[in-house]
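Biologist: I would like a close look at one part of this model, its aromatic rings, and then at what lies around them. Please keep it plain enough for a first-year student.

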Amino acid sequence: MSVNTSIGLIAVSKQDGKSNPASEPSFQHGLTGGQVFKLDRTVENANVSCGVRSGTDSYVDSIGTGVDFETYGYSDVVPLYYYGALGNIVSSEADGKPGLHRHVATMGDSLPYLTFWGRIGNEFTRTDSCKIDQLEMEFEGNKPLSFGVTAVGMGAALGLDSIPGASDPSCFDGYFVPTGGTFKIDTASSAPVEAPVLKGSLALANSCETSQLAGQITPGAVDEGKLKCSGSVTVKPDDLTPYKQMVTGSASGRTPTGTMVYGSFEWTFRHSRNPDHTLSISSGRVPFTCDFPEVNPDGGAAELEFSFDDIGVDTRDGSPVTVVVVNATESY
C-alpha cells in the first residue's frame, strides 16, 4: 500500500534537559506541508590509491536530524514554539478570565530542547533533543496565520508503532486569524497606532549549529547563535506620512536624517473558535526600511512595505520582540 501524504501529524513536548527525550507529547496538531522527519546523511569516499582506477570503500561521516514543517496557529502549541525560538516564557492567570492563562515569551540566554513525533501515512517517527532554528509567521487579509517551524535535533527513530499518548490533535479546535484583530504601526516612535495593514511577517532565526563529536554519527549538541528578528508589514496609507517619518524622523520633516529612526508595531490576532484566546506580537525598536512608491499609469492606491532586519534591544534585559498568548494551557 502506498504512503498517503494527506495523512500528516506533528506532536511535540519540551524535554527535561538535553539528554532526556520526552516520553510522550504535550501537544499534537495538523500540518499544511513540510517534513515531519528530516535526516541529512553524509556519505564520504575512503579515498585511497590501491592499484586500480576506482575507489574501494565508502563510509557514513555524519547524520543530521530535524523537522521542517508548515502549520496554522493553534493556540495551545503556539506559546511553546515561541518559547522554543526565543528562550524565555512566563505564565500566569489571565486577569478577569477564569480558566485562561497568559503566556509572555521573550528573549532568553538559551533555548529549550524539544522532542518531536511525526506521522505521514501510517509511518511514525521521533526526533530527539531539538532546538528551533527558525520560526516564521505570516498573515494576510483574513487567511489563517501560517507558521513555519525548522528545528535541528540530535537523535532519531523510525518505524514506531504510533505516537504515544492519547491526546487529540488540536486541528479541530480552531486557530488564530487576523479577523477581528488590531494592527498598529509607527515608523518613528515606540507607540504604534492603528493603521490600514494589508499583511505582515516575522521570522525568528537562531543560527543553530550542531557539534559533531569524534566517534559519534549523530550530533553531540545543538548550539544556538545570535537571535535575528526580521520581517515586514505592508500598509495602504492615506498619505506618505509614515515614509516621511521613517526618513526624516518627523511627520513634518523635509530633510533625510543620518540619525537612525526607530519605529514599532503591535499585531493582535483572535481565535477562530474562542474569542477569549488571543495572540499579540509587538516590538518597540524596529529599524524600518521602505522604498518610495512607484507611479503606475493604471492607477490604484500606493502600498508601502516597511521591512526590518535584525531588531535590537536598548536595555540589558530587553527583548527584540514580545509575544503574548492567552489560552487554556496552564504553563509550558
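**Aromatic rings and their surroundings**

Modeller: Ring pairs join Phe139, Phe183, Phe265, Trp267, Phe269, Phe288, Phe306 and Phe308 into a cluster. The model is a predicted one, and the values below are computed from it. A pair of aromatic rings is described by how far apart the centres are and by the angle between the planes. The count of aromatic pairs in the model comes to 15. One of them is the pair of Phe27 and Tyr332, which is stacked, with 5.7 Å from centre to centre and 25° between the planes. Phe27 belongs to strand 2 (residues 27-29) and Tyr332 to the segment after strand 20, so this pair ties together parts of the chain that are 305 residues apart in sequence. Phe27 and Tyr332 are both buried. Within the cluster, Phe265 and Trp267 also form a stacked pair, with centres 4.4 Å apart and planes at 20°. Phe265 and Trp267 are both buried as well.

A ring can also have a charged side chain over its face. Here Arg285 lies over the face of Tyr262, 4.2 Å from the ring centre.

Next comes the sheet. Strands of a sheet pair through backbone hydrogen bonds, in either a parallel or an antiparallel way. In this model, seven strands form an open sheet, in the order 5-6-20-18-17-11-12, with antiparallel pairing. Strand 5 (87-93) and strand 12 (193-194) stand at the edges with a single partner strand each, so one side of each has no neighbour in the sheet. At the strand 12 edge, two bridges join strand 12 to strand 11 (residues 176-186), and the two run antiparallel. In one of these places, Ile185 has Val193 of strand 12 as its bridge partner. Helix 1 (residues 78-86) packs on the sheet and touches strand 5, strand 6 (101-107), strand 11, strand 18 (278-286) and strand 20 (322-327). The direction of helix 1 makes about 145° with that of strand 5.

Charged side chains make further links. The model has six salt bridges by count. One of them joins Asp68 to Lys38, with the closest N and O atoms 3.8 Å apart. Asp68 is in strand 4 (residues 58-72) and Lys38 in strand 3 (residues 33-45), so the pair links distant parts of the chain, 30 residues apart. Asp68 is partly exposed, at 22% relative accessible area, and Lys38 is partly exposed too, at 27%.

Another salt bridge is formed by the side chains of Lys226 and Asp310, at 2.7 Å from N to O. Lys226 sits in the loop between strand 15 (221-223) and strand 16 (228-235), while Asp310 sits in the loop between strand 19 (304-309) and strand 20, 84 residues apart. Lys226 is exposed, with a relative accessible area of 57%, whereas Asp310 is partly exposed, at 27%.

The side chains of Lys228 and Asp309 also meet in a salt bridge, at 3.6 Å from N to O. Lys228 is in strand 16 and Asp309 in strand 19, so the pair ties together parts that are 81 residues apart in sequence. Lys228 is partly exposed, with a relative accessible area of 36%, and Asp309 is partly exposed at 44%.

Definitions and conventions. Residues numbered from 1 in each chain as written. Predicted model: local features only at pLDDT ≥ 70, side-chain atom pairs only at ≥ 80, totals over all residues. Heavy atoms only, no water. Pairing = 2+ DSSP bridges. Helix = DSSP H or I, 4+ residues; strand = E, 2+ residues; numbered from the N terminus. Contact = heavy atoms within 4.5 Å. Axes fitted to C-alpha atoms, helices over the stretch in contact; angles between N-to-C directions. Phe/Tyr/Trp six-rings, centres within 6.5 Å; stacked < 30°, edge-to-face > 60°. Buried < 20%, exposed > 50% of the residue type's maximum accessible area, 1.4 Å probe, protein only. Lys NZ or Arg CZ within 6 Å of the ring centre and 35° of its normal. Salt bridge = Lys/Arg side-chain N within 4 Å of Asp/Glu carboxyl O.
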